[in-house]
Amino acid sequence: MSRVYNFSAGPAVLPEEVLKEAAAEMLDYEGSGMSVMEMSHRSKVYDKIIKEAEADLRELMNIPDNYKVLFLQGGASQQFAMIPMNLMKNKVADYIVTGQWAKKAYQEAQKYGKANCIASSADKTFSYIPDCSDLPVSEDADYVYICENNTIYGTKFKQLPNTKGKTLVADVSSCFLSEPVDVTKYGVIYGGVQKNIGPAGVVIVIIREDLITEDVLPGTPTMLQYKTHADADSLYNTPPCYGIYICGKVFKWLKKRGGLSAMKEYNEKKAAILYDYLDQSKMFHGTVEPASRSLMNVPFVTGDKDLDAKFVKEAEAAGFVNLKGHRTVGGMRASIYNAMPIEGVEALVAFMKKFEEENL
Ligand SMILES: *Cc1c(COP(=O)(O)O)cnc(C)c1O
């Protein structure tokens, strides 16, 4: 068996320890005589798995009691509709468009009410986060929406926008659990787990209780109402049981590593190795304004398409996989999520140095 250094943007690298544990428990989970995939979601054994997952996440993120934690399906993209359907009481919402995922959410919301784009970084291919200290927030906005870490472009909000008292809703798919957050600053925090936490298909929604009401847009399906899932502790129907089990294991792994402050320190160290190299390289350079750089997704280019392609190909042969950039940005992108060890980033930079020497 040989594991590669996987720089995929998602689904992405998971902690090896977690995968090994899951493998060991595959045929017989804790003496139950069956796999977690095979057991009833109403069983005592499973109840413990989902309850512990929630408790560990609450501890990691310091989630206050007046927030619900929901384990849902449909990925992050389903939330693009669920958020307006549940929260657009006035049928007005403000969106900050800092990339494709934010844009998709913004476009989806237009189906349900008046969605306003109050700031955007489209003018420079989403290579920065706009100043959000004094935006024209709509007086009757039900919420202000951001995508906190822009997976494709490699930017991250270093400061949350001034929402002027309006509820903040954030897609944190690609920065989930990468650093501490103050949950009280948000009405809704949500993310697909396949970037930093677990298997695709699970989306975790952390939502303030007063936002969970029966007063949703007419026609909202039962399955798309937060209240349905909140009232049933995420067990209204069969949840993505196995995915939640893996998420739970990753939460325990994070706790063992010292929680989110320790992860932030580690992630900053990892990202600095790559950014420091990019800043002095004569061949490679980052595509993002330094003040907006993400700790999780690092896009870079050589400025020459053929050279980019050569690099991606040679890197893959050397065991550094999924480095090809998103088709809208080109070049390369190294996603260095929580589970990417620092050794992986060091080895990548050593490989880049060698490539630079050989090809400059
Ligand atoms: C990947 C991603 C999504 C889409 O997630 P799905 O689970 O595929 O719907 C949405 N937002 C962000 C920020 C992402 O990185």
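Two strands count as paired here if DSSP finds at least two bridges between them. With that in hand, welcome to a predicted model in which 3 strands, S11, S12 and S14, form an open antiparallel sheet. The model also holds a ligand, 87% of whose accessible area is covered by the protein, and 1 cavity of 30 Å³ or more. Here is a friendly tour, topic by topic.

**The open sheet**
- The strand order is S11-S12-S14, and the pairing is antiparallel.
- Strand S11 (285-286) and strand S14 (332-335) are the edge strands; each has a single partner strand, so one side of each is left without a neighbour in the sheet.
- Strand S12, residues 297-301, pairs with S14 over 4 bridges in the antiparallel sense.
- If you would like a residue pair to look at, Pro299 has Arg333 in S14 as its bridge partner.

**The ligand and its shell**
- Around the ligand you will find Gly75, Ala76, Ser77, Phe80, Trp101, Cys147, Asn149, Thr151, Asp171, Ser173, Gln194 and Lys195.
- Helix H3 (residues 75-87) gives the largest share of this shell, with 4 residues.
- Sorted by class, the shell has 6 polar, 4 nonpolar and 2 charged residues.
- Two side chains are worth a look: an N or O atom of the Thr151 side chain is 2.4 Å from an oxygen atom of the ligand, while an N or O atom of the Asp171 side chain is 2.6 Å from a ligand nitrogen atom.
- The backbone takes part in the picture as well, with an N or O atom of Ala76 lying 3.0 Å from a ligand oxygen atom.
- On its own the ligand has 390 Å² of accessible area, and the protein covers 87% of that.

**The cavity**
- Rolling a probe the size of a water molecule over the atoms shows where empty space is left.
- The structure holds 1 cavity of 30 Å³ or more, and the largest cavity has a volume of about 80 Å³.
- Its lining is made up of Met61, Glu148, Lys156, Val172, Cys175, Phe176, Leu177, Ser178, Glu179, Val181, Ile189 and Leu260.
- By class, that lining has 8 nonpolar, 3 charged and 1 polar residues.

**Backbone points to check**
- Most peptide bonds are trans, and most residues other than glycine have a negative phi.
- The peptide bond from Gly10 to Pro11 is cis, with omega near -15°.
- Pro11 sits in the loop between strand S1 (5-6) and helix H1 (16-24).
- Lys91, a residue other than glycine, has a positive phi near 60°.
- You can find Lys91 in the loop that runs between H3 and strand S3 (92-97).

Terms used
Residues are numbered from 1 along each chain as its sequence is written. This is a predicted model: local features need pLDDT of at least 70, side-chain atom pairs count only at pLDDT 80 or more; totals for chains, interfaces and linings use all residues. Side-chain values use heavy atoms; hydrogens and water are left out. A residue is near a molecule or strand if one of its heavy atoms lies within 4 Å of it. A polar contact is a pair of N or O atoms within 3.5 Å; within protein, one must be able to donate a hydrogen and the other to accept it, and residues adjacent in sequence count only if both atoms are side-chain atoms. Accessible areas come from the Shrake-Rupley method with a 1.4 Å probe; for residues, only the protein chains shown count as cover. Helices (H or I, at least four residues) and strands (E, at least two) are DSSP runs, numbered from the N terminus. Ala, Val, Leu, Ile, Met, Phe, Trp, Tyr, Cys and Pro count as nonpolar, Asp, Glu, Lys and Arg as charged, and the others, Gly among them, as polar. On a 1 Å grid over the protein atoms alone, a cavity is a set of points where a 1.4 Å probe fits but cannot get out, and a pocket is an open set with protein on both sides within 12 Å along at least five of seven lines; lining residues have an atom within 4 Å of a point. Grid points are joined across faces, edges and corners, and a volume is the space filled by probe spheres set on the points.
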